[in-house]
Amino acid sequence: MRGHAPLHTPIVAPSPASHPLMDKLDVFLRTGQVSRSALKQPRSCNLFRALFCCLQPQDGPKLPPLPPTQQALLEPHENGTVVKQHEICLLPAVKDQDQGKICVVIDLDETLVHSSFKPISNADFIVPVEIEGTTHQVYVLKRPHVDEFLQRMGELFECVLFTASLSKGCYVKDLSRLGRDLHKTLILDNSPASYIFHPNNAVPVVSWFDDVDDSELLNLLPLFEDLSRADNVYTRMDQLRGQ
């Protein structure tokens, strides 16, 4: 699995909205289909908590509305994505073992793990992080079934860890900068603001903090098994939406 520093476009988080995908996953698991209402609306935005980069306390003042100059960046493409020209790709050439696979960008915080500056007695591991000359201990919990999930995802896809932390808003993860065909690229993220440039490439996931009975990642595997066989993720996602 590849990781990458947060080289993306800063933008203020949008207003929260609901997303029915996870309510429909039980239907997919039983029937192999997702109902028409699935994958339609983004889940509520959860501001990224601190881990590995840009670590700061999560509380902060409310941000002003999105500036017009940033709003102008959101130029729609016919398939609902934003296509911008970039000379330098963030990813290297595809490795031999990943040739022909769809690329999946996977978020970290509140998607795969939960982290906190406050001590957690049952933390899976502790990460020392230096911020402005001071070393802080970051306590990290792994989401239930994360190991099994990543093992299978690595077999099915070219997986890229693309994460960011920001105390006063959300970052947009611009998939067009990766150097991969967008029709062969997906993103798994708990923050809709992260994929507003490419909503039709997104598989939303419920935010996780400490629920030991959570089975979200296991529930998503049948959906990703299906998507891994797609020649075009837009076409298959439309089919899963029932369009």
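## Salt bridges, helix H5 and a small sheet

Aspartate 238 and arginine 241 pair up in a salt bridge, with their closest N and O atoms 2.9 Å apart. Keep in mind that this is a predicted model. Both partners sit in helix H5 (residues 233-241), 3 residues apart, which is about one turn of the helix. That spacing fits a general rule: an α-helix has 3.6 residues a turn, so residues three or four places apart point the same way. The two ends of the bridge are not equally covered, though. Aspartate 238 is partly exposed, at a relative accessible area of 31%, while arginine 241 is buried at 5%.

### More on H5

Which residues of H5 are buried? They are Val233, Tyr234, Met237, Leu240 and Arg241. Looking down the axis of H5, these buried residues fall within an arc of 125°, so they line one face of the helix.

Both ends of H5 have something to look at. At the N-terminal end, asparagine 232 acts as the cap, with a side-chain oxygen 2.9 Å from the backbone nitrogen of tyrosine 234. Just past the other end, glycine 242 takes a positive phi of about 85°.

Stepping back along the chain, arginine 229 lies in the loop between helix H4 (216-227) and H5. Is arginine 229 buried or exposed? At 60% relative accessibility, arginine 229 counts as exposed, because the cut-off for that label is over 50%. A polar atom of the arginine 229 side chain lies 3.1 Å from the backbone oxygen of glutamate 225. There is also a long-range neighbour to note: the C-alpha atoms of arginine 229 and leucine 156 are 8.8 Å apart, although 73 residues separate the two along the chain.

### The other salt bridges

In general, side chains of opposite charge can pair when their charged atoms come close. Here the salt bridges number 10, and these are three of them:

| Acidic residue | Basic residue | N to O distance |
|---|---|---|
| Aspartate 98 | Lysine 101 | 3.6 Å |
| Glutamate 158 | Arginine 180 | 2.8 Å |
| Aspartate 238 | Arginine 241 | 2.9 Å |

The bridge between glutamate 158 and arginine 180 links distant parts of the chain: glutamate 158 belongs to strand S7 (residues 158-162), and arginine 180 to the loop between strand S8 (170-172) and strand S9 (185-189), 22 residues apart. Both glutamate 158 and arginine 180 are buried.

In the bridge from aspartate 98 to lysine 101, the cover is mixed. Aspartate 98 is buried, with a relative accessible area of 11%, whereas lysine 101 is partly exposed at 24%.

### A three-stranded sheet

Now for the strands. An open sheet of 3 strands runs in the order S4-S6-S5, with antiparallel pairing. Its edge strands are S4 (113-116) and S5, each of which pairs on one side only. From one strand to the next, the twist averages 30°.

How many bridges join strand S5 to strand S6? There are 7, between S5 (residues 125-131) and S6 (residues 134-142), which run antiparallel. Within this pairing, glutamate 130 stands opposite threonine 135 in S6. The two strands form a hairpin with 2 residues between them, and glutamate 132 in the turn has a positive phi of about 50°.

On the other pairing, S4 and S6 are joined by 4 bridges and are again antiparallel. Here histidine 114 stands opposite leucine 141 in S6. As a general point for reading the sheet, the side chains of a regular strand alternate between the two faces.

### Aspartate 214, ahead of H4

One last residue worth a look is aspartate 214, which lies in the loop between strand S10 (202-204) and H4. Why does aspartate 214 count as buried? Its relative accessible area is 9%, and buried means under 20%, so the label applies. A polar atom of the aspartate 214 side chain lies 3.2 Å from the backbone nitrogen of glutamate 216. Leaving aside neighbours within four places in sequence, aspartate 214 is in contact with Arg143, Pro144, His145 and Trp208.

Conventions. Residues are numbered from 1 along each chain as its sequence is written. This is a predicted model: local features need pLDDT of at least 70, side-chain atom pairs count only at pLDDT 80 or more; totals for chains, interfaces and linings use all residues. Side-chain values use heavy atoms; hydrogens and water are left out. A salt bridge is a side-chain nitrogen of Lys or Arg within 4 Å of a carboxyl oxygen of Asp or Glu. Buried means under 20% relative accessible area, exposed over 50%, partly exposed in between (1.4 Å probe, protein chains only). The arc is that of the directions from the helix axis to the C-beta atoms. A polar contact is a pair of N or O atoms within 3.5 Å; within protein, one must be able to donate a hydrogen and the other to accept it, and residues adjacent in sequence count only if both atoms are side-chain atoms. Two strands pair if DSSP finds at least two bridges between them. Axes are lines fitted to C-alpha atoms, for helices over the stretch in contact, and angles run from 0 to 180 degrees between N-to-C directions. Contact means heavy atoms within 4.5 Å.
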